[in-house]
Amino acid sequence: MSSELYTQLAGYLENSGFQEKLFDFLQEECAEMTAVADSGDEQSLEMYAVYKKYIEMFEGMFEGFMQEIGAESVEQVQERLQAEMTEQEQSNRFCTALLASMEYSKFA
């Protein structure tokens, strides 16, 4: 059984072009991040700048969804999704990945 918020989110992501924009960003910006991750080197300030750019893009694209559900921040959506996942004991990989992408340590 899926949560109401998760269902709303899935519909928004399917219809907004969100996925295509995310893939375009990853292709353009993340080659350096992959190289550093593979080498085991420390993360550079440039990588953190890419993450900040990602968060800015993510929040910009996500703004429409936040308005639809009456949320004031990405963090508020994250908290609501986590609460619904906990309440319904969901372990959906997409939702887990989405929540993880909101944290720098998991993004990098």
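The bend at a residue is the angle between axes fitted to the seven residues ending there and the seven starting there. With that in hand, let's walk along helix α4 of this predicted model, in which local features need pLDDT of at least 70, side-chain atom pairs count only at pLDDT 80 or more, and totals for chains, interfaces and linings use all residues. Residues are numbered from 1 along each chain as its sequence is written, and side-chain values use heavy atoms, without hydrogens or water.

Helices here are DSSP runs (H or I, at least four residues), numbered from the N terminus. Helix α4 bends by about 40 degrees at F62. Just after α4, G70 adopts a positive phi of about 80 degrees.

Now look inward. Among the buried residues of α4 (under 20% relative accessible area) are Y54, F58, F62 and F65. These four also belong, with L9 and V77, to the residues that touch the most other members of the 24-residue largest nonpolar core, a set of buried Ala, Val, Leu, Ile, Met, Phe, Trp, Tyr and Cys residues joined through side-chain atoms within 4.5 Å. Helix α4 gives the most to this core, with 11 residues.

The rings deserve a visit too. Rings of Phe, Tyr and Trp (its six-membered ring) pair if their centres lie within 6.5 Å; planes under 30 degrees apart count as stacked, over 60 as edge-to-face and the rest as tilted. The whole structure holds 9 aromatic pairs. Y12 and F65 make a tilted one, 5.5 Å centre to centre with 40 degrees between the planes. Y12 lies in α1 and F65 in α4, so this pair ties together parts that are 53 residues apart in sequence.

How values were computed:
Helices (H or I, at least four residues) and strands (E, at least two) are DSSP runs, numbered from the N terminus. Buried means under 20% relative accessible area, exposed over 50%, partly exposed in between (1.4 Å probe, protein chains only).
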